Amino acid sequence: MTIINTAAITVELPEAFDPRWSRLSGIQVEGRRITIDPAEYFFRFESASWLVADWELVKSRLLPVEETAESAVEQLALEFIKEHAESTSDAARVLATAYEVYAYLFREEHLAGLGLPQVTAAHLRMLREAATLMALNKVELDGRISNVGPCWFFPAATSVVFDLDEAMGGLLDEVYHGGWFNEHRRIESIKAHAALGGRLVHGCQSVPDQSGGVVAPYGASMATFCEDLAAFKAGWIERVYAHRVTPAA
């Protein structure tokens with residue numbers, strides 16, 4: 001394990017997070033205030049800088065833009081990132097930006113069209129919270145995974161925090177992976193993730209082989225990413241599951 005910065009990360013977000021996040025090592029939730037101890041929280045923390053763009057700018061200048069036959073949505077996002085994104089070492093800013101991104105992507109108006117009646121507004125809150133924390137994970141351009149926290153492994157982390165059974169945890173992971181199983185939602189996701197400097201990529205096919213995902217910069221080596229992930233995932237998934245709470249008899 002490599003930890004390059006042990007300074008506490010503290011942020012106050014617009015929405016109170018579930019206090020059960022404190023079941024995981026190194027994170028404390030007190031209403032809207034979240035405090036992370038990098039030395040306890042991360043499995044690997046080698047980079048204390050992230051690429052972000054102003055969410056209000058994304059909303060006004062990128063979300064309304066439609067792709068054309070000559071300009072794909074991925075090109076639009078990449079051009080926006082090149083023009084407007086900047087490097088920051090302020091992890092609280094990353095979390096605050098991520099909260100806005102996922103409050104937008106996992107909004108309740110989409111539930112009616114999802115076709116999964118068992119997924120509720122409460123589940124969307126779980127998705128928003130987990131995805132917000134995942135924004136501190138990081139992949140470098142060479143494909144090496146530099147930052148890994150427990151929320152890398154989405155079904156494992158949500159099962160610990162929210163007491164989800166395997167079936168529901170896997171279903172939420174599918175919704176998270178699949179852009180609501182909807183091309184229009186996928187396009188929304190590509191645009192919105194420009195605020196976090198890249199695109200959402202996954203190291204697996206979700207439920208059959210959970211390996212998590214991360215917002216990676218455009219151009220990152222996916223071959224190296226997959227090799228690095230394969231080397232560590234099994235042991236670190238088990239470390240997340242070790243925090244499960246056993247129900248009282």
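This passage describes the overall dimensions of a predicted model and then the local arrangement of one sheet, one loop and one helix within it.

The chain of the predicted model contains ten helices and ten strands. Its C-alpha trace extends over about 60 × 45 × 35 Å along the principal axes, and the radius of gyration of 17 Å agrees with the value near 18 Å that a compact globule of 249 residues would have. Buried residues account for 54% of the 249 residues in the chain. Of the contacts between residues at least 6 apart in sequence, 72% join residues that are at least 24 apart. The accessible surface of the chain amounts to about 10,900 Å², and carbon and sulfur atoms contribute 50% of that area.

No cysteine pair in the structure is joined covalently through sulfur, the number of disulfides being zero. Two cysteines may be set side by side with regard to their surroundings: Cys151 is buried, because its relative accessible area of 1% falls under the 20% limit, whereas Cys226 has a relative accessibility of 39% and therefore counts as partly exposed, a value between the limits of 20% and 50%.

An open sheet is formed by three strands in the order E1-E3-E2, with antiparallel pairing. Strand E1 (9-12) and strand E2 (27-30) occupy the edges, and because each has a single partner strand, one side of each is left without a neighbour in the sheet. On average, and with direction ignored, neighbouring strands of this sheet are turned by 10° against each other. Strand E3, which comprises residues 33-36, is joined to E2 by four bridges in an antiparallel manner, and four bridges likewise connect E1 to E3, again with the strands running antiparallel.

Individual residue pairs can be followed across the sheet. Between E1 and E3, Ile9 has Ile36 as its bridge partner, while Glu12 stands opposite Arg33. On the E2 side, Val29 is placed opposite Ile34 of E3. The hairpin of E2 and E3 has two residues between its strands, and within this hairpin Gly31 adopts a positive phi near 65°.

The two faces of the sheet differ in how they are covered, as the side chains of E1 and E3 show. In a regular strand the side chains alternate between the two faces of the sheet. Along E1, Ile9 and Val11 point to one face and are buried, while Thr10 and Glu12 point to the other and are not buried. In E3, Ile34 and Ile36 make up a covered face, and Arg33 and Thr35 make up an uncovered one. Helix H4 (residues 91-105) lies across E1 and E3, and its direction is at about 40° to that of E1.

The loop between E1 and E2 contains Asp18, which counts as buried because its relative accessibility is 11%, under the limit of 20%. When neighbours within four places in sequence are left aside, Asp18 is in contact with Val29, Arg125, Glu129 and Phe162. One of these contacts, Val29, is the residue that stands opposite Ile34 in E3, and another, Phe162, is among the buried residues of helix H7. By contrast, Ile81 is 63 residues away from Asp18 along the chain, and the C-alpha atoms of these two residues are separated by 32 Å.

Helix H7 (residues 154-162) is mostly covered, nine of its nine residues being buried. The buried residues include Phe154 and Pro155 as well as Ala156, Ala157, Thr158 and Ser159, together with Val160, Val161 and Phe162. Just after H7, Asp163 takes a positive phi of about 55°, although Asp163 is not a glycine. This residue lies in the loop between H7 and helix H8 (166-178), and at 42% relative accessibility Asp163 counts as partly exposed, because the value falls between 20% and 50%.

Note on methods. Residues numbered from 1 in each chain as written. Predicted model: local features only at pLDDT ≥ 70, side-chain atom pairs only at ≥ 80, totals over all residues. Heavy atoms only, no water. Disulfide = S-S within 2.5 Å. Buried < 20%, exposed > 50% of the residue type's maximum accessible area, 1.4 Å probe, protein only. Pairing = 2+ DSSP bridges. Axes fitted to C-alpha atoms, helices over the stretch in contact; angles between N-to-C directions. Contact = heavy atoms within 4.5 Å. Rg over C-alpha atoms; globule rule 2.2 N^0.38 Å. Areas by Shrake-Rupley, 256 points an atom, 1.4 Å probe, with all protein chains shown as cover.
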